Amino acid sequence: MKLEHSSKIYLSITKSKAKMYEFGVEEEHHINLTIEPQKLLLLTIGILGDLSAIEASHLAKNENNEEYISLKSQLIDVSQYFDSLNNSRLESSLSNYLNLLGSASYYLADMPGSSLVLINSVDYDIDILTPSYIEGILIWLLKGNLLHEWYIVKNCDFEKELEYFTSSITNCFKQEVPFAQLDDAIKKLRGAVYAGGNARELLLVDILGAIAKRKLKYSSLICLPKYTGLTVNLWKSALAKDDFIKEFWPAQRLLGENGVFEGKSAVVQMPTSAGKTKSTELIIRSSFLSKRSNLAVVVAPFRALCREIADSFKKSFSNENIKINELQDVPQLNPNDLAMINDLLNIEDDDNVSSSVIITTPEKLVYLLRHEPELASNIGLLIFDEGHQFDSGSRGITYELLLASLKANIPVDSQLILISAVMSNAETIGDWLYGENGTEVKGTHCLPTIRSTAFASSTGKLQYIDKDFIGEREFFVPRIIEQVNLGTRGTESVDRIFPKTGDNSAISAYLGIKLAQQSPTAIFCGTKSIITSICKTLVDHYSRGLEIPPPLSNSDQQELSKIASLSRKHFADKSIFPRAIDLGILPHGSNIPNGLRVSAEWAMENNKASLVVCTSTLAQGVNLPIKYLIISNTAQGINKISTRDFHNLIGRAGRSGYHTEGSVIFSNTKLYDERLTWDGDKRWKEVRALLDPSNSEDCVSSLKRLIEPIIVGRKQLTAIEFIKSPNHYRDLCIKVAIEDKITGQDLKDLIFELDSKKKTINALESYMMSFLKDAPEVDNETIFLDLAQGTLAHHLCSDKEKLLLIEAFELIYKSVIKVEPDKLAFYGKALLGIEDLIFIEKWLEENYENLCTQEGIFELFKCIWPLLLNVCRNELFEKLSPLEMVLESPCVRIVVTP
């Protein structure tokens, strides 16, 4: 049995009908169906039944069997068909049956999260589908709660076999009978049903047998000893916990098959929602139980991600002799940090001593190890989350230097794990990280949910595109975008139309508020200014009487009022963000105070809010349960978003266990409408390339960019001369560029490159000064040169580039040791380079008396403004002028932290 061309058309029409209900399209506007989607039901049931029969009868042991491979490859389409047919309301009387078949299909297609979503919508006591009520046992098994009370229809033909089956699987999980008894129970039940059951019972008994076998095969009882090398008894206390993993998902089995739970180092590619947090918990528990380690360190690049990991671990390891320590991301050691360090450094060889997990950002771990370098020798397990961040500017440099330093100082038998959703050169990263003593785990195929892609059209429809751009799988949903005339206000002479044709920001805003009525939604904005623009648009249009219900109507109004109140403590009352939050629209970007971002994340995570408008901060590891992700633009400022970052972003749509599908929707109507034109074809190809994860860029090193030559027009200038005197050489390069008549964007690109190199130098100088401030009298040049040779940059360099990198480190080190030893104590705490620090110190000396005479905070701010303009070389400060207008702005608040 196979889904051929015509079957794919039936599937597309079924999806389209389901989407019309999903998006709230009124039935009178639904597309007239030219075919009956129900006609595909027999074929899809046949595919599910044939595969289940093979698995239930042991014939699937040879997984290279062509028939079995063909059937299994179609299961995702089969699952989607059952799911969509139910949501299309074409067979309402079969709703429970379709959800049951859909859940079973998703489970057998290795998508257990989607299986749970469907089966959780089915009650245990549904109307009987078969005389034997065999479906009741299938529901019980798919829900996975074997302690739940269920019932069997008495005096049915298979009562004895059903009771033997249920007692066998229950007792297998209690370890009271041999696992082989389940095989015997399945064989006897299938025999009885095949001899006297009806057609539906034959189907369900095969599905029941196949799923029962998988439930046991993938259970923690079997997988834990198989993949960790530790007996089940050692896992007894963990298995007794309600929230401990009871079944290994595909990604976790893949890790086990590659020896990760037995202590093997690895670079792991794992999609978002594939079970990363639970996998990390298993790695930590395996390390502690095997006595390979009693200290695990989890490094995540963002505070929000650290907080998410720590909260999860505190629940998972509660009431155990395991301490979870989340380090605060501030450059100082608080009493809790000092107490933790004291405990870790005074561990005795005692089985009763607590094991510890530290969750931290790279910056805080660097700070911690500078004060207590011997702590590194206690680390037995080191996990780097979001491990593709080495090329993220100065933060990536800190990440890289930290890893290079730890590699040289942790015990040689420590386990190193680097996790990323997208990393095309994982093998190269692995070679650098652990050489031949590790493995690469490719889990990109372990997709936890289906992800669909749609494009908005100026006709008002959403056009869904197949991931392989196969025509017969495309479908559309009509009347999603319907323009509203909001009239005029005041002196306006032209009616305000929403959304305005061709206005990506307005279309994104419209889709956001409309889809938020259905499920949690996020609008991705390429820049912070677009967040502000969308918030302004919606606040204005609702004030004009827009009748689409605001996201607040589908949110927890009490909780959002608290967030709005918090926002008014950060922004002026008339600021756009508090007014947007009043409507249920949560902004989330780097220009939003951390407390507000945390509140927005919590609200979305806990279903208290339904719409977030964000920049790439959404892609920074925070896993929110959104179903719809609207892409307003594929550019981030002047640059196109990278394929790697894009796939990390869209991985947030469709969280496993919450939804069976996530939708990525492009709001730029030109992308689809003009795809057949000369100009549009180029944009269409760019989007197609962006949607293909195989086009993801390599993870490279920001540090390596330091030694790359500076291109000014047709001239190629050496980076080494720049490193010797960054500020002077920067001015010289700009002068040469202007003489060569380089202007506009080319000049901006040059300045951006020069400033990036300067930030890299600053980061290296800061790193070295922080290291030296605790031992200024020691000659540390060899330490830093060894560090250079241990970096990813050095690993990626050619022989000639390696010499340049070493020379760069030597030059920076020579600059650092010229700093007076007594100044290192405070120079080392700053995140600036030496030139800027010297300038600041000189400026303070010259202006000290003037500073002391300032009576108020605003007067002091005016006084130091010239210093800020000189040191903070970025677009924000260039736009903040003149000073008088800045100070008069109602949004300006100067907060003094004691």
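## The E801–K704 salt bridge

E801 and K704 join their side chains in a salt bridge, with 3.6 Å from N to O. This is a predicted model. The bridge ties together distant parts of the chain. E801 belongs to helix 34 (residues 799-816). K704 lies in helix 28 (residues 702-705). The two are 97 residues apart.

The partners fall into separate burial classes. E801 has 24% relative accessibility, so E801 counts as partly exposed. K704 has 15%, so K704 counts as buried. The cut-off for buried is under 20% relative accessible area.

## D110 and its two partners

The structure holds 38 salt bridges. One of them pairs D110 with K72, where the closest N and O atoms are 3.7 Å apart. This pair also links distant parts of the chain. D110 sits in the loop between helix 5 (95-108) and helix 6 (112-119). K72 is in helix 3 (residues 66-73), and 38 residues separate the pair.

D110 also forms a salt bridge with R253, at 3.2 Å from N to O. R253 is part of helix 13 (residues 250-257). Here the partners are 143 residues apart, and again distant parts of the chain are linked.

## Burial around D110

How buried or exposed is D110? Its relative accessible area is 21%, so D110 is partly exposed. K72 has 26% relative accessibility and therefore counts as partly exposed too. R253 has a relative accessible area of 8%, so R253 is buried.

In short, the loop residue D110 has a partly exposed partner in K72 and a buried one in R253.

## The wider network

Which residues share a network of salt bridges with D110? They are E55, K72, R214 and R253. The pairs D110–K72 and D110–R253 both involve members of this network.

## E841 in helix 36

E841 is placed in helix 36 (residues 834-852). Its relative accessibility is 18%, so E841 counts as buried. The limit is under 20%.

What does E841 touch, leaving aside residues up to four places away in sequence? Its contacts are K823 and Y827.

Definitions and conventions:
Residues numbered from 1 in each chain as written. Predicted model: local features only at pLDDT ≥ 70, side-chain atom pairs only at ≥ 80, totals over all residues. Heavy atoms only, no water. Helix = DSSP H or I, 4+ residues; strand = E, 2+ residues; numbered from the N terminus. Buried < 20%, exposed > 50% of the residue type's maximum accessible area, 1.4 Å probe, protein only. Contact = heavy atoms within 4.5 Å. Salt bridge = Lys/Arg side-chain N within 4 Å of Asp/Glu carboxyl O.
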